[in-house]
Amino acid sequence: MSTRLPRIASSEITSPEVYFSRRALLAGALAAGAGTLTCAADAPPAGAAALSFTPNSQYSVTEAPNKYEEITGYNNYYEFGTDKLDPSENARAFRARPWNVTVDGEAEVRGTYALDDLLKGLPLEERIYRFRCVEAWSMVIPWVGFPLSSLLARFKPTSRAKYVEFTTLYDPHQMPGQRVSVLNWPYVEGLRIDEAMHPLTLMVVGLYGRVLPNQDGAPLRLIVPWKYGFKSIKAIVKIRFTESQPRTAWSVAAPNEYGFYANVNPAVDHPRWSQASERRIGAPFLAGRRPTLPFNGYAAEVASLYQGMDLRRYF
């Protein structure tokens with residue numbers, strides 16, 4: 001019989017400044033010895049299946065994307081471990097096919113669908129988005145996917161659908177992190193319906209023009225670029241339209257630290273560190289910090305969604 005390990009208290013999680021200092025020293029040592037080898041990691045490996053997509057410049061930033069090795073080698077994905085390097089190691093054998101997604105709740109059309117059937121007729125596009133994590137690190141990532149609104153509209157949500165709830169696969173055999181009670185598994189996230197239908201909200205199936213790697217959320221994940229990364233749920237198996245606000249994983253685990261809205265806001269600090277600046281992964285450690293942008297730089301597009309709200313209270 002397996003024994004469930006105790007929940008990890010938030011006070012036991014390494015602070016980002018200590019963590020980044022340690023990682024920066026390691027990265028510097030590796031870079032010094034790697035020399036010209038880093039060039040080969042700018043693109044995905046040749047064995048990764050290519051996707052057919054159209055670049056979308058309207059919603060893409062002009063900043064240079066992070067290298068493929070950075071995006072796939074430095075991840076928050078607690079289902080595969082709490083260290084940033086765990087997912088790339090522990091997700092190697094994860095089976096992302098076959099895959100089904102259940103759609104339920106306040107919608108006229110409901111059911112369970114094979115992923116290929118769910119995606120049929122949804123043209124893929126590439127968008128280069130800023131990605132900001134609550135631990136004060138960031139990347140620029142070329143995602144491949146489709147607007148979430150295009151998918152949700154197919155199910156004809158009713159007037160009672162005020163929110164959209166998403167659930168990750170629960171499979172402790174494949175996801176060793178789920179054997180530890182860090183969170184109340186399976187992982188659950190949610191958006192207000194207007195956030196879910198916003199044209200910036202992307203359902204992702206690929207990265208750098210190739211099929212999404214396991215450690216980055218294969219085969220289906222969400223990206224909400226103006227929110228902290230924990231809102232962008234991975235390995236989605238259920239979408240549910242609800243009238244009430246979903247009880248999301250991190251908001252349940254630590255409500256004083258992780259709010260439902262999770263909009264990137266430099267004026268609202270995490271209880272244990274400042275959110276006023278961030279470190280771009282891959283940049284020199286001392287020169288890599290930059291001011292955090294409100295709504296992660298997407299304020300012109302999304303600030304109107306929160307007009308009249310106290311964003312310190314609804315963090």
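## R97 and its partner

Let's start with R97: in this predicted model, its relative accessibility is 47%, so R97 counts as partly exposed. That places it below the cut-off for exposed, which is over 50%. What does R97 pair up with? Its side chain meets the side chain of D116 in a salt bridge, with N and O 2.6 Å apart. R97 sits in the loop between α3 (86–90) and β2 (100–105), while D116 belongs to helix α4 (residues 115–119), so this pair ties together parts that are 19 residues apart in sequence. D116 is partly exposed too, with a relative accessible area of 49%.

Here is the general idea behind such a pair. Side chains of opposite charge can pair when their charged atoms come close.

## More salt bridges

How many salt bridges turn up in a search of the whole structure? There are 17. One of them joins the side chains of E278 and R132, at 2.8 Å from N to O. This pair links distant parts of the chain: E278 is in strand β12 (residues 277–280) and R132 is in strand β4 (residues 125–132), 146 residues apart. Are these two residues buried or exposed? Both E278 and R132 are buried. They also belong to a wider network of salt bridges, in which E278 and R132 are linked with E63, R130, R280 and R290.

Another salt bridge pairs R192 with D194, and here the closest N and O atoms are 2.9 Å apart. Take a look at how much of each residue is accessible. R192 has a relative accessible area of 13%, so it is buried, given that buried means under 20%. D194 has 32% relative accessibility, so D194 counts as partly exposed.

## Rings that pair up

Now for the aromatic side chains. A search of the whole structure finds 17 aromatic pairs. Y261 and Y306 make one that is edge-to-face: their centres are 6.1 Å apart, and there are 90° between the planes. Y261 lies in the loop between α7 (249–253) and β12, whereas Y306 is in the segment after α8 (299–302), so the pair ties together parts that are 45 residues apart in sequence. Y261 is buried, with a relative accessible area of 8%, and Y306 counts as buried at 3%.

Y306 has a ring pair with F295 as well. Their ring centres are 5.7 Å apart and their planes are at 15°, so this pair is stacked. F295 lies in the loop between β13 (289–291) and α8, and Y306 in the segment after α8, so the two parts tied together here are 11 residues apart in sequence. F295 is buried, at 9% relative accessible area. Which residues join the cluster made by ring pairs? Y163, F260, Y261, F295, Y306 and Y314 are linked into it.

## Lysines over rings

Some rings have a lysine over them. K231 lies over the face of F260, at 4.1 Å from the ring centre, and F260 is one of the residues in the ring cluster. Similarly, K234 lies over the face of Y77, with 4.9 Å to the ring centre.

## How confident is the prediction?

The mean pLDDT of the protein is 89, and 87% of its residues reach 70 or more. Where does the pLDDT drop below 50? It does so over residues 1–41. Beyond near neighbours in sequence, this stretch has 45 contacts in the model.

Definitions and conventions
Residues are numbered from 1 along each chain as its sequence is written. This is a predicted model: local features need pLDDT of at least 70, side-chain atom pairs count only at pLDDT 80 or more; totals for chains, interfaces and linings use all residues. Side-chain values use heavy atoms; hydrogens and water are left out. A salt bridge is a side-chain nitrogen of Lys or Arg within 4 Å of a carboxyl oxygen of Asp or Glu. Helices (H or I, at least four residues) and strands (E, at least two) are DSSP runs, numbered from the N terminus. Buried means under 20% relative accessible area, exposed over 50%, partly exposed in between (1.4 Å probe, protein chains only). pLDDT is the predictor's confidence in each residue, from 0 to 100. Contact means heavy atoms within 4.5 Å. Rings of Phe, Tyr and Trp (its six-membered ring) pair if their centres lie within 6.5 Å; planes under 30 degrees apart count as stacked, over 60 as edge-to-face and the rest as tilted. A charge sits over a ring if NZ of Lys or CZ of Arg is within 6 Å of the ring centre and within 35 degrees of the ring normal.
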